[in-house]
Protein chains: 6
Amino acid sequence: MRENRLKSMWGRGEAAVNGWLQIPSAWSAELMAHRGWDSLTIDMQHGLIGYETALLQLQAISTTEVVPLARVPWNEPGIIMKLLDAGAYGIICPMINSRAEAEAFVGACRYAPEGYRSVGPTRARVYAGDDYQTQANKTIITLAMIETAEALENIEAIVSVRGLDAVYIGPADLSLSLTGTVQVDYTDPDLLAVLDTILAVAQKHHVVAGIHTSSVEFALKMIEAGFQLVTVSSDSGLMRAAAEATVTKMKGTVKERDDASPY
Amino acid sequence: MRENRLKSMWGRGEAAVNGWLQIPSAWSAELMAHRGWDSLTIDMQHGLIGYETALLQLQAISTTEVVPLARVPWNEPGIIMKLLDAGAYGIICPMINSRAEAEAFVGACRYAPEGYRSVGPTRARVYAGDDYQTQANKTIITLAMIETAEALENIEAIVSVRGLDAVYIGPADLSLSLTGTVQVDYTDPDLLAVLDTILAVAQKHHVVAGIHTSSVEFALKMIEAGFQLVTVSSDSGLMRAAAEATVTKMKGTVKERDDASPY
Amino acid sequence: MRENRLKSMWGRGEAAVNGWLQIPSAWSAELMAHRGWDSLTIDMQHGLIGYETALLQLQAISTTEVVPLARVPWNEPGIIMKLLDAGAYGIICPMINSRAEAEAFVGACRYAPEGYRSVGPTRARVYAGDDYQTQANKTIITLAMIETAEALENIEAIVSVRGLDAVYIGPADLSLSLTGTVQVDYTDPDLLAVLDTILAVAQKHHVVAGIHTSSVEFALKMIEAGFQLVTVSSDSGLMRAAAEATVTKMKGTVKERDDASPY
Amino acid sequence: MRENRLKSMWGRGEAAVNGWLQIPSAWSAELMAHRGWDSLTIDMQHGLIGYETALLQLQAISTTEVVPLARVPWNEPGIIMKLLDAGAYGIICPMINSRAEAEAFVGACRYAPEGYRSVGPTRARVYAGDDYQTQANKTIITLAMIETAEALENIEAIVSVRGLDAVYIGPADLSLSLTGTVQVDYTDPDLLAVLDTILAVAQKHHVVAGIHTSSVEFALKMIEAGFQLVTVSSDSGLMRAAAEATVTKMKGTVKERDDASPY
Amino acid sequence: MRENRLKSMWGRGEAAVNGWLQIPSAWSAELMAHRGWDSLTIDMQHGLIGYETALLQLQAISTTEVVPLARVPWNEPGIIMKLLDAGAYGIICPMINSRAEAEAFVGACRYAPEGYRSVGPTRARVYAGDDYQTQANKTIITLAMIETAEALENIEAIVSVRGLDAVYIGPADLSLSLTGTVQVDYTDPDLLAVLDTILAVAQKHHVVAGIHTSSVEFALKMIEAGFQLVTVSSDSGLMRAAAEATVTKMKGTVKERDDASPY
Amino acid sequence: MRENRLKSMWGRGEAAVNGWLQIPSAWSAELMAHRGWDSLTIDMQHGLIGYETALLQLQAISTTEVVPLARVPWNEPGIIMKLLDAGAYGIICPMINSRAEAEAFVGACRYAPEGYRSVGPTRARVYAGDDYQTQANKTIITLAMIETAEALENIEAIVSVRGLDAVYIGPADLSLSLTGTVQVDYTDPDLLAVLDTILAVAQKHHVVAGIHTSSVEFALKMIEAGFQLVTVSSDSGLMRAAAEATVTKMKGTVKERDDASPY
């Protein structure tokens with residue numbers, strides 16, 4: 001089975017730089033795939049992407065060696081399994097707030113006896129190799145999003161779920177849940193302490209910690225802190241900022257503002 | 001944040017005339033959006049519309065000031081949140097039969113602490129404005145369909161759920177559930193009495209009542225009764241009837257009949 | 001090979017009632033196909049339809065016995081042959097102004113030695129039967145649009161092109177060319193006389209005459225005059241008018257006007 | 001309402017030969033529909049097919065008399081009802097492991113009072129006829145997949161659910177669950193005995209038994225054993241094997257191997 | 001008819017800043033439309049965009065006041081007219097090398113008697129208003145690309161074609177034709193002199209001059225020189241550069257280089 | 001620039017085995033790409049494939065090392081250049097009957113001064129490398145279809161066009177033109193002699209000869225004769241034949257026949 005290079009990097013203690021896709025186009029996905037990211041995540045939750053486009057984007061990413069991940073809209077087995085069968089090498093699942101939710105999520109990603117994923121890796125086998133079915137459980141990665149006070153409370157119960165590879169922090173929802181306002185690239189010491197806590201618990205259980213960020217600076221800081229998967233902006237966020245900068249320079253004035261959110 | 005004109009109309013005590021989209025095309029959606037409806041509902045339940053087309057239709061509607069609503073296929077958080085992030089200004093959720101179901105539905109439409117919607121209004125922010133995240137909870141409208149005997153029994157418990165803006169009556173399912181046969185544009189006094197009951201309970205709880213109809217006559221009658229959201233036919237229903245009338249006149253005979261249902 | 005029912009009707013001296021598709025959706029096409037039209041034309045010229053949707057619409061029409069026609073964007077062999085291979089049973093070609101243009105058009109629709117259509121009726125053979133290639137030249141119909149002063153001048157040279165089955169009048173372009181203003185459902189005696197002329201020349205050469213109209217009344221009048229293919233409105237025109245009527249009745253006022261043109 | 005020919009065949013004690021669609025294309029679906037299968041299943045679980053393509057494939061199949069079935073990604077009411085409204089004449093639901101799951105599945109396929117399917121058969125009525133709503137409960141077929149040890153344990157409780165028409169065996173998942181390895185076209189006597197058991201229990205409850213196979217030989221054997229719905233390979237499996245054979249013959253060597261799985 | 005703001009700007013002697021779309025997505029188009037460009041060009045020549053996507057992008061742009069333009073793949077009447085009917089407010093036509101080619105191009109954009117565009121502005125009328133047909137000839141703009149030695153030789157004959165609004169310089173093709181190598185943002189004095197020549201001839205004939213550039217600096221310089229339409233980069237070019245910069249900063253090394261071309 | 005492996009094979013005197021795509025799906029294209037063909041041709045002429053699908057198929061093929069070719073619908077510069085910009089490594093152009101047509105075709109594939117292809121290889125550069133523009137003229141291959149009596153008459157004038165790499169015989173059209181009936185895998189000595197003639201003239205001018213066939217046997221015979229590019233069947237042809245064989249074996253009878261044509 002084709003190596004999961006993200007898992008290999010993690011095994012070597014390295015941090016991966018993840019790109020993020022929200023534009024529903026196989027061409028923008030292919031263009032992003034040639035930019036040097038270690039992995040690319042097709043965001044089916046907040047990105048404007050449905051299953052049929054996600055499939056085409058998985059093909060586009062497969063023209064390179066970049067590791068294809070997908071974030072699903074919700075913790076629902078149907079779409080999780082469809083994306084794995086289509087060749088995603090890892091799934092990011094939003095809003096995992098309890099051990100039961102984490103178990104349901106991880107189970108959907110694993111063949112029996114470790115889980116309840118149904119056998120039929122139609123495109124995955126073409127992408128990964130004929131031994132996919134026997135190797136997938138140890139190759140495919142599972143990432144649970146930690147983004148509520150409830151999840152924080154249950155963090156130890158969540159990260160200790162057998163088969164969970166990583167937690168991925170959603171800073172906007174997490175800060176909204178904890179403080180009532182949306183924050184990203186935290187500066188608030190209390191929120192930074194929360195990140196430390198999650199990281200420490202994850203590391204204790206040999207689970208990787210990842211985080212969504214809005215700037216290279218914060219992303220690098222997070223890597224230094226021990227996070228091994230960081231995302232910086234997205235296809236549309238990068239395009240929007242660059243377009244705005246260009247128009248501003250051309251016009252000497254910004255006509256309108258549309259702040260990027262980390263999601 | 002861009003005003004929700006439907007909510008404003010309701011606040012002024014007015015009734016809104018809602019159009020209904022079942023054809024999976026952004027062009028038919030744009031054409032309908034220019035016809036003068038107060039709102040247009042993308043019907044992802046009984047309409048032949050998937051997420052990727054719904055997104056394009058939301059864009060098409062946004063070429064006008066018509067309020068974009070969507071009916072989801074079922075009470076599932078993934079699709080509800082995706083449609084809100086894509087810019088729907090209200091969600092109609094079918095088959096809300098209990099308080100718990102109503103709470104789950106409304107929660108999916110509201111950011112913490114009022115609900116559990118995840119932050120990331122990718123297109124919604126472009127459509128509505130940069131303050132979307134802080135204003136959405138009081139701008140986006142939630143409409144629970146009342147269409148079973150069980151819902152009728154629980155009507156008070158449902159309409160009293162905090163954050164529910166409206167109930168929307170599905171007369172076909174409701175009559176099937178209550179009488180065993182499908183009826184629309186009720187004439188049966190018992191069914192009309194049921195409408196009165198729902199309306200009265202809704203009004204008591206300051207919740208708007210809406211209803212699906214099959215004729216201008218019945219729709220006007222419902223407005224007079226106090227309903228503040230009425231739907232008359234759909235894009236395909238209108239086209240079908242007009243085409244049939246044209247062929248009939250041309251041929252002097254109807255070759256085939258395909259009765260429109262209100263859904 | 002499956003019968004071309006339009007050709008059979010014409011052979012019996014009957015007039016056919018043609019429906020018109022401008023909405024890019026296979027579902028609206030299927031709905032229209034069940035309404036009793038004798039034929040349906042996929043309008044790739046002024047309709048908002050590209051090749052990939054046209055193919056799906058040909059499939060949708062094939063769920064019924066309605067004869068599938070297509071109007072091409074222009075007299076270009078590539079798209080004409082693609083539509084025939086996809087199963088169109090007739091092609092309406094716009095702006096045929098000279099004998100040379102008519103020959104180029106008809107040649108693209110006919111296999112050698114009658115024309116230069118390339119062999120490969122991939123879907124056509126599935127739709128029509130295995131003897132398609134040998135029978136197509138006498139089954140597929142060709143319709144040249146007459147819609148300019150130049151075409152009128154060359155009408156005899158055009159209708160006498162071997163293999164041309166019908167002329168189809170585009171009243172909007174024709175009136176613009178002849179009078180400088182767009183008219184449909186002519187009342188001007190001079191324009192009506194032009195229709196008579198075209199009809200007479202066509203009939204003299206055993207070529208069918210068809211015409212685009214905007215009302216049942218004018219269409220019936222044209223049939224009475226001898227036209228054997230009439231179109232009345234379109235999928236979107238019918239939907240638009242019906243929606244407008246509904247909103248007007250509901251609101252007591254027309255909010256906006258968007259006159260249907262016959263094309 | 002249009003007859004469900006599969007149900008009629010079963011009523012006459014016959015076995016049906018089912019084709020299987022995994023390629024997301026309405027054209028490959030139409031081509032398959034002309035090959036003589038009794039029914040065709042659109043595989044939305046392991047096939048690379050989303051809702052919007054499934055709809056187009058249902059139209060493509062409707063150009064013939066082949067019975068259209070769909071396998072849903074998971075036991076979720078939203079997608080089940082959408083496919084029925086789009087005209088599927090039967091639903092195959094994966095991973096039915098308990099009576100409760102079977103009841104939830106069957107209920108989603110039946111109108112009240114037999115189930116909780118919502119009324120609005122938009123395309124189904126066009127495909128099947130105007131009496132669809134009153135006849136659907138006895139015409140549409142429901143097929144529960146039996147593919148785990150748990151399901152085997154609960155087989156009697158599952159097949160006795162009122163309204164369940166058939167069980168459909170997924171041999172790959174079933175063998176993985178029972179033996180830890182994926183097997184198809186069983187030769188292991190213990191697994192063959194399991195098939196016998198399921199068949200016997202199904203027949204006892206007047207429920208049809210179907211099975212997925214990988215070869216004509218095994219499929220014929222299963223029919224002889226009493227199975228009344230057998231699937232042999234799929235559109236992509238057939239294409240892949242034929243392409244591989246052609247290249248091998250041309251090149252005198254197989255360049256790469258990509259074993260077909262039954263799913 | 002809705003004003004063509006580009007034409008108004010030109011009338012006031014202003015220069016317009018044009019954005020460029022090469023990603024086939026209605027969402028990236030809508031995002032770009034909110035960035036403050038005066039106009040956006042859908043590039044159907046070198047962009048990866050077919051007609052069906054172009055239509056959706058025209059809708060997306062119509063959610064704003066940005067002027068929608070399209071560059072066609074070639075000087076072919078079919079696609080030019082389809083884009084105008086879909087609501088493009090101007091057409092950029094590549095490789096206009098002679099007066100005859102310019103006349104054919106402009107004629108395709110103008111209704112009789114000024115040209116041979118066929119009447120049927122299906123979406124254009126909805127976008128622009130009911131008087132579209134009578135006002136279009138003076139509202140829609142035509143832009144001929146000057147990008148070969150032959151065009152340069154014929155520049156006076158080209159710009160004097162009645163109805164041509166602007167020339168648009170393609171520096172890559174022009175330099176390849178003149179010097180044998182591709183250059184953009186010229187520094188070579190001979191090439192800069194060619195730009196001056198084209199600009200001077202255009203201005204003499206009251207035709208606007210526009211140019212494609214690769215940097216804000218060169219674009220501003222061109223505006224200062226008298227060009228009234230400048231394009232800087234594209235959706236994909238901006239995204240690519242920003243992504244590359246991000247990865248470089250994250251990784252401390254550029255993994256791969258993929259230079260943007262001005263087209 | 002990425003090597004054109006077909007050109008390399010030809011340079012070594014080898015014959016290439018070409019696969020053929022007619023199903024409009026990126027997934028069937030990717031499946032075919034993994035089967036060991038030397039090249040795959042996206043058939044936009046008789047295949048049911050439009051530009052937007054062709055682009056996705058080029059991406060799917062790029063997940064492997066298979067050389068991507070495309071057959072265009074007709075000798076029209078717009079679509080030829082679009083496919084090259086999208087990454088096709090060679091173009092097959094139908095119905096090249098004269099030297100002028102061959103020159104127009106080849107010119108559309110070559111940058112100045114060898115041709116008139118416009119610069120802007122948007123995806124081609126990502127697929128092939130940053131030096132694409134300077135290397136494309138000698139890397140991209142051009143294949144002119146010889147398929148009429150007229151072409152045969154002009155064969156020497158055609159193959160001597162500078163920049164033409166290969167001729168590709170379309171046996172169905174060629175036999176129809178020469179004999180009045182469609183034949184493939186010729187047995188008629190006169191037709192076989194025609195193949196010899198074409199091959200001899202091509203070889204004399206150092207131009208490769210290729211041919212479409214319907215069987216491995218004839219394809220191998222053609223390779224032995226000196227043809228260096230042979231196509232055997234297509235994705236849909238292979239699937240259809242395999243499905244038919246399966247149903248026949250299952251049912252003991254062929255229900256219907258739908259002969260594959262070589263195109």
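The exercises below, each with a worked solution, concern a predicted model.

**Exercise 1.** Describe the make-up of chain A in helices and strands, and decide how compact chain A is for its length.

*Solution.* Begin with the secondary structure, where chain A has 13 helices and eight strands. Next, take the radius of gyration of chain A, which is 18 Å, and set it beside the 18 Å that the globule rule gives for 263 residues; the two values are close, so chain A is as compact as a globular protein of that length. For the outer dimensions, the C-alpha atoms of chain A fill a box of roughly 60 × 40 × 30 Å along the principal axes. Then turn to the interior, where buried residues make up 67% of the 263 residues in chain A. Finally, consider the contacts in chain A between residues at least 6 apart in sequence, of which 62% join residues at least 24 apart.

**Exercise 2.** Determine whether Thr231(D) is buried or exposed, and find which residues Thr231(D) touches when those up to four places away in sequence are not counted.

*Solution.* First locate the residue: Thr231(D) lies in strand S8 of chain D, which covers residues 229-232. Second, count the C-beta neighbours of Thr231(D) inside 10 Å, which number 26. A residue is buried if 20 or more other C-beta atoms lie within 10 Å of its own, and Thr231(D) therefore counts as buried. Third, list the contacts: leaving out residues up to four places away in sequence, Thr231(D) touches Asn18(D), Trp20(D), Thr41(D), His212(D) and Thr213(D). As a last step, compare sequence with space, for Thr231(D) and Ser39(D) are 192 residues apart in sequence, while their C-alpha atoms are 9.5 Å apart.

**Exercise 3.** Work out what the contact between chain A and chain E takes from each chain, and which element of chain A gives the most to it.

*Solution.* Start with the totals, which are 36 residues from chain A and 36 residues from chain E. On the side of chain A that touches chain E, the elements giving two or more residues are strand S1 (16-21), helix H2 (26-33), helix H12 (216-225) and helix H13 (235-251). Of these, H13(A) gives the most, with 14 residues. The residues on this side of chain A can then be sorted by character into 19 nonpolar, eight polar and nine charged.

**Exercise 4.** Find what kind of axis relates chain A to chain B.

*Solution.* Lay chain A on chain B, which takes a turn of 120° and a shift of 0.0 Å along the axis and leaves an RMSD of 0.0 Å. The two copies are thus related as by a three-fold rotation axis. To see how the copies meet, note that only 9% of the interface residues of chain A are also interface residues in chain B, so the copies meet through different surfaces.

Conventions: Residues numbered from 1 in each chain as written. Chains lettered and ligands numbered in written order. Predicted model: local features only at pLDDT ≥ 70, side-chain atom pairs only at ≥ 80, totals over all residues. Contact = placed C-beta atoms within 7 Å. Helix = DSSP H or I, 4+ residues; strand = E, 2+ residues; numbered from the N terminus. Nonpolar A, V, L, I, M, F, W, Y, C, P; charged D, E, K, R; others polar. Least-squares fit on C-alpha atoms with pLDDT ≥ 70 in both. Buried ≥ 20, exposed ≤ 12 C-beta atoms within 10 Å, placed from the backbone. Rg over C-alpha atoms; globule rule 2.2 N^0.38 Å.
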